[in-house]
Amino acid sequence: MKNLRLPIYLLNNDKYEGVINYPVIKINFLSSSISFDGIDYLIFTSKNGVRAINKLTDKWKNFPSLAIGKATAKEIEKLGGRVEFVSSNAYGDEFAKEINKKYKNKKFLFLRAKEIVSNIKEYF
């Protein structure tokens with residue numbers, strides 16, 4: 001049998017050499033102004049949240065970030081941000097519980113999509 005090189009398809013926006021991308025979800029980054037007044041930390045629950053704020057302003061890099069998982073933390077660092085905490089559980093509700101326990105009486109800016117699956121905002 002001949003050694004066939006079949007194409008590799010990836011169903012997301014991440015680019016890799018030799019891979020054909022077919023984005024499944026289209027992401028529109030909204031442009032708006034964001035106030036960082038009075039906050040202590042930024043909360044990120046996705047890489048796309050990090051990418052979105054980075055397109056709007058560099059001011060976010062002045063605040064420590066809390067990330068829901070390793071991929072989000074890696075994106076924060078890649079774009080020049082500072083990660084202070086990475087959740088031990090990649091589920092929104094559990095992430096919120098960890099934050100509430102570890103960072104009582106702190107103020108957060110929660111950068112998220114318009115629609116989210118978890119009830120994380122209810123914990124804050």
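## What "buried" means, and helix α3

A residue counts as buried when its relative accessible area is under 20%, and as exposed when that area is over 50%. Keep those two words in mind while you look around this predicted model.

Start with α3, where G92, F95, A96 and I99 are buried. Looking around the helix axis, these residues cover an arc of only 100°, which puts them on the same side of α3. There's a handy bit of background here: an α-helix has 3.6 residues a turn, so residues three or four places apart point the same way.

## Two more helices with a buried face

Now try α1, which runs over residues 47-56. Its buried residues are G49, V50 and I53. Seen down the axis, they fall within an arc of 100°, so they line one face of α1. Who covers that face? The elements over the buried residues of α1 include β3, α2 and β6.

Helix α2 spans residues 70-78, and T72, A73, E75 and I76 are its buried residues. Down the axis of α2 they fall within an arc of 160°, so they too line one face of their helix. On the face turned away from this buried side you'll find the exposed residues K70, K74 and K78. The buried residues of α2 pack against β3 (41-44), α1, β4 (64-67) and β5 (82-86). Just past the end of α2 comes G80, with a positive phi of about 95°.

## The nonpolar cores

In soluble globular proteins, nonpolar side chains tend to be buried together. Here, the largest nonpolar core has 13 residues, and F36, L42, F44 and W60 are the ones with the most contacts inside it. β3, α1, α2 and β6 (108-111) each supply at least two residues of this core. Apart from it lies another core, made of 8 residues, including Y41, L66, I68 and Y103.

W60 is worth a click. Setting aside neighbours within four places in sequence, W60 is in contact with F36, L42, F44, V50, I53, N54, S65, I76, L79 and G81.

One of those contacts, S65, sits in strand β4. Is S65 buried or exposed? With 0% relative accessibility, S65 counts as buried. If you skip residues up to four places away in sequence, S65 touches L42, F44, W60, I76, R82, V83, E84 and F85.

## A pocket with charged walls

Next, look for the second largest pocket, which has a volume of about 160 Å³. Which residues line the second largest pocket? They are D14, Y16, K47, R51, A71, K74, E75 and K78. By type, the lining divides into 2 nonpolar, no polar and 6 charged residues.

Helices α1 and α2 each give at least two residues to this lining. The largest share, 4 residues, comes from α2. Some names may ring a bell: K74 and K78 are among the lining residues, and they also belong to the exposed face of α2. E75, another lining residue, is one of the buried residues of α2.

## An unusual turn at N105

Finish in the loop between α3 (92-102) and β6, which is where N105 has its place. N105 has a positive phi of about 65° although it is not a glycine. Unlike the buried residues you started with, N105 is exposed, with a relative accessible area of 80%.

Note on methods. Residues numbered from 1 in each chain as written. Predicted model: local features only at pLDDT ≥ 70, side-chain atom pairs only at ≥ 80, totals over all residues. Heavy atoms only, no water. Buried < 20%, exposed > 50% of the residue type's maximum accessible area, 1.4 Å probe, protein only. Arc of directions from axis to C-beta. Contact = heavy atoms within 4.5 Å. 1 Å grid on protein atoms, 1.4 Å probe; cavity = no way out; pocket = protein on both sides within 12 Å on 5 of 7 lines; lining within 4 Å. Points joined across faces, edges and corners; volume = space filled by probe spheres on them. Nonpolar A, V, L, I, M, F, W, Y, C, P; charged D, E, K, R; others polar. Core = buried A, V, L, I, M, F, W, Y, C linked by side-chain atoms within 4.5 Å.
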